[in-house]
Amino acid sequence: MNWLGDQETRWQPGLALGKLSRVIVTSDDRMIAVDTNGDPLLLDLDDAVFADYEPVLAGTLNDVNYYGVRGEKICSLRYEPLRPSLIQIRSAQFVPVSAAMQVLDFSREHQFCGQCGRSTSPSKSDRGRTCESCQLTQYPRISPCVIVLVTRSDEILLARAPRFVAGMYSTLAGFVEAGESAEHACHREIFEEVGVEISKPVYQGSQSWPFKHSLMLGYRAEWRFGDIRIDENEIIDAQWFKIDNLPKLPPKASISRGMIDAFVSERVN
Ligand SMILES: [Zn+2]
């Protein structure tokens with residue numbers, strides 16, 4: 001299953017293979033420059049407006065090389081926060097924007113070696129940053145995170161976190177801990193957050209999610225036993241929802257919504 005059509009299979013990370021080059025402009029506080037429609041602004045590589053910033057290559061999609069730049073806001077451009085802006089993109093730009101944000105984050109956060117503290121520079125042979133002094137090469141961080149659709153007959157278990165927009169409920173998610181399998185993380189996260197035990201989780205698909213560098217691993221699992229008992233440090237409400245009476249759901253571009261829609265469609269048909 002693929003949440004973004006077939007575009008991801010054509011994405012070439014870290015390579016400039018296209019005939020055209022386009023630059024995604026972001027700011028120090030992780031906002032993104034947008035056009036009059038609210039879509040990401042895509043500028044030519046030689047555009048003078050960001051001449052002070054160093055473009056970082058994200059990759060190629062459909063013959064277009066995508067770069068990102070980051071710095072102080074350019075006063076002639078309009079910026080929007082990344083999350084709502086990106087969530088609305090169900091277009092060819094989702095993957096390039098997501099990738100550009102992550103390589104820009106990496107470049108900024110790994111300017112110095114984590115081992116000896118000296119400066120790093122982009123590796124000549126791959127997408128890492130290398131320390132000339134001790135030769136340590138670091139790569140863009142990717143943090144695996146499980147996201148689980150828990151089902152019980154015609155019901156699904158959804159929860160609300162404090163940061164969610166008003167009224168929205170989503171599937172439960174959490175980071176995989178060091179030394180843990182993704183499946184173990186599913187059992188642990190669901191039990192920790194809502195006190196429910198689940199059957200064997202079944203993998204559904206994955207999605208890169210640049211807040212900040214998550215790789216969402218989607219699973220579906222059936223409820224086994226336990227009543228909902230929420231961890232109030234993590235979530236503010238969790239409920240069983242019948243599939244014909246669902247609350248406000250995450251945006252279409254998200255893996256959470258993709259898994260919910262797929263389940264609903266199976267039960268209805
Ligand atoms: Zn070093």
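Where is Ser 153 found? Select Ser 153 in this predicted model: the residue sits in the loop between strand 12 (143-152) and strand 13 (155-160). Display its backbone torsions next. Phi of Ser 153 is near 55°, which is a positive value in a residue other than glycine. With a relative accessibility of 55%, Ser 153 counts as exposed, because the threshold for that class is over 50%.

**A second positive phi**

Move next to Gln 135, in the loop between strand 10 and strand 11 (137-138). Gln 135 is not a glycine, yet its phi is positive, at about 70°. The relative accessible area of Gln 135 is 52%, and the residue is exposed.

**The zinc site**

Now select the zinc ion together with Cys 113, Cys 116, Cys 131 and Cys 134. The SG atom of each of these cysteines coordinates the ion, at 2.3 to 2.4 Å. Along the chain, the donors follow the spacing C-x2-C-x14-C-x2-C. Within this set, the pair Cys 116 and Cys 131 links distant parts of the chain, the two residues being 15 residues apart. Cys 116 belongs to the loop between helix 3 (94-109) and strand 9 (120-122), whereas Cys 131 belongs to strand 10 (residues 129-131).

Which geometry does the site of the zinc ion have? Angle monitors on the four donor atoms give 97 to 120°, and the site is tetrahedral. That class applies because all angles lie between 85 and 135 degrees. For four tetrahedral donors, the ideal angle at a metal is 109.5 degrees.

Colour the two linked cysteines by accessibility. Cys 131 is buried, at 0% relative accessibility, while Cys 116 is partly exposed, at 31%.

**Helix 4 and its surroundings**

Proceed to Glu 183, which is located in helix 4 (residues 182-194). Its relative accessible area of 35% makes Glu 183 partly exposed. Show the contacts of Glu 183 next: leaving aside residues up to four places away in sequence, Glu 183 touches Pro 201 and Tyr 219. Then draw a C-alpha to C-alpha distance from Glu 183 to Lys 200, which gives 7.8 Å in space for two residues 17 residues apart in sequence.

**A cis peptide bond**

For the final stop, select Phe 211 and Lys 212 and inspect the peptide bond between them. What is the configuration of the bond from Phe 211 to Lys 212? The bond is cis, with omega near -5°. Lys 212 lies in the loop between strand 16 (202-209) and strand 17 (214-225).

Conventions:
Residues numbered from 1 in each chain as written. Predicted model: local features only at pLDDT ≥ 70, side-chain atom pairs only at ≥ 80, totals over all residues. Heavy atoms only, no water. Donors = N, O, S within 2.8 Å, 3.2 Å for Na, K, Ca; no water. Tetrahedral: all angles 85-135°; square planar, octahedral: opposite > 155°, others 65-115°. Helix = DSSP H or I, 4+ residues; strand = E, 2+ residues; numbered from the N terminus. Buried < 20%, exposed > 50% of the residue type's maximum accessible area, 1.4 Å probe, protein only. Contact = heavy atoms within 4.5 Å.
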